[in-house]
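Student: Can you walk me through this one? I have not looked at it before.
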Amino acid sequence: MAAVDPLSLLREFTINRKEIKERAGQVIFDNTSFPKTAKTNYAIYRTGKEPKDFYSLESLLFLLKNVSLSHPLYVQKAVSENIPVVRLPDRRTLLRYLGGQIDTSASIDKGAHLELGLPTSDAVPTKRPGDDLVSPAKRVRSEAEASAAEPVSESRPQDKKTSLRDAMSVERIEALRRKRVARKRGDQAKMDDDGVMLKSRAPGQADVDVTRDIIPKERPGRTRNTILQSSGKTFTNVLTIVQSIRTREETDTRKQEAVANGAAATSGQKKPQQVGYNRYNQETFKDKHDTEGFKIDTLGSFHGMNLKSVAESQQPRHAHSHSSHAPAVPSASASPHHRSSHPAPGPENAVQRSLHPPKRESKTPIIIIPSTPTSLITIYNAKDLLQEFKFATTEEKKKAGARRDNEVLIQRTRSVIPGMGSASVISVPYRVTDSPQKLTPGEWNRVVAVFVQGPAWQFKGWPLLGDDNTPVEIFSKIKAFHMKYDIAKLDANVQKWDVSILELNATRRHLDKPTMMRFWEILDRFTKKNMPNLRL
């Protein structure tokens, strides 16, 4: 029988329809037996991080006995008998493999540890060296059994029983008793069959006895081929390690070559380079003759000058160039004071003007909002309301973790149709602040809108406030808005002033966008008419 593992033997006996015996917790295949709990090399289907395990011989044998049952009934019966069940994902493939329909399965691990079988008493004993040596005790025992098996003669009474004393002498019985006691003490090798202590035995006799006891217990071990055929091991990480080592060695080699080449290049003599005029390195050419005859003033600059000032600064140079051929005779009428009182504009003055260029004025519009927390629009929700058209109360923004800034910058997007072309979307920035006292005079010229809370003290300290401390003059130059809920009462001061009212619904937030679009329409008309110089 070639198969030695329990799974192969079970498959072989199932295909050939041979009888498989079960006795005393052992599963017997002809002359080989395995414990019922012996593990096969068929892996159990795993889910998640379950450890790898294999089906026992008892589980597979129980499945074959109950193959006609449905899986739920089979599981119920196996649990009642305390037998590990075969999982449903493995059932079909396992039955096909045991039935011989397929030759192998992906769940079979050829490198798994196999439990080897033991020989049974039903097996035909193999003749070993030394079996022909028959001891005298065995010879006497066989003769006694032969005599007992012979038929009783007619002359001998059948009811007469033969005792051991009649068959052997007293000395012989005593010798056998001493041998039995010596066997219990482990001194069997030192006595002969007659119970007499032996000083020495025949050469090789002890080895024959020991070999005869060892050979039935021999088990075939794992060979090199079975280890290399393991399906659970891969060696791809070895190739990755080798490739990384090779790349690191090549990188070190290239670095060493680069260092060697650099050292060889620096060891040679450097050739002097001819330095010519370079417009980006004018500081090295202090003399005008170094500029290849172009007489370029390397310290001059026309930054911050217009075309007229540049032309005026060049006129003295042209006059000097025309009179360069005449002898230089100083005029007696020209006084030193007259010459110094009108200095000609030259490169030195241009350099001084370039150090202090005129500051570019910003054209970003500014919107002022109230700083009181009772206002519907504050610095917390101004960006969401003016840019995203979504209203949220100041309390909600604070609970959401919004920070309070001194001012915010919003981007107002709108569509523009230039001429008869296609529409394009532009984005215009607006500054929103609740601290008007920090604005400079130049920034007050860019204030386009203000949200009015109601009380007149909101405008205290404003530069455009009238003599009667009323914001009437302010509203003539800055567009004013007042935001309130549609169910709230309008403030008395707001009723008297030129203010546009923006009403928000207390619950329906989808109406916020139309209200804010109306705000931008009013503001656009006002700024185009009164502030066309701003970025709109």
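**Confidence and cores**

Tutor: Over residues 152-160, pLDDT (the predictor's confidence in each residue, from 0 to 100) stays under 50. For that stretch the model has 3 contacts (heavy atoms within 4.5 Å) beyond four places in sequence. This is a predicted model, where local features need pLDDT of at least 70, side-chain atom pairs count only at pLDDT 80 or more, and totals for chains, interfaces and linings use all residues. Residues are numbered from 1 along each chain as its sequence is written, and side-chain values use heavy atoms, with hydrogens and water left out.

Student: What should I do with low pLDDT?

Tutor: Where pLDDT is low, the predicted coordinates should not be read in detail.

Student: And what does the chain average?

Tutor: The chain has an average pLDDT of 76, and 65% of the residues score at least 70.

Student: New topic. Which residues touch the most other members of the largest nonpolar core?

Tutor: I367, L386, F451, M483, F519 and L523 do, in a core of 29 residues. Such a core is a set of buried (under 20% relative accessible area, 1.4 Å probe, protein chains only) Ala, Val, Leu, Ile, Met, Phe, Trp, Tyr and Cys residues joined through side-chain atoms within 4.5 Å.

Student: What is M483 in contact with, past its sequence neighbours?

Tutor: Beyond four places in sequence, M483 contacts L376, I377, L385, F451, L502, L504 and M516.

Student: Are F481 and F519 buried or exposed?

Tutor: Both F481 and F519 are buried.

Student: Where does R11 lie?

Tutor: R11 lies over the face of Y97, 4.6 Å from the ring centre. The cut-offs are CZ of Arg or NZ of Lys within 6 Å of the ring centre and within 35 degrees of the ring normal.

Technical notes
Buried < 20%, exposed > 50% of the residue type's maximum accessible area, 1.4 Å probe, protein only.
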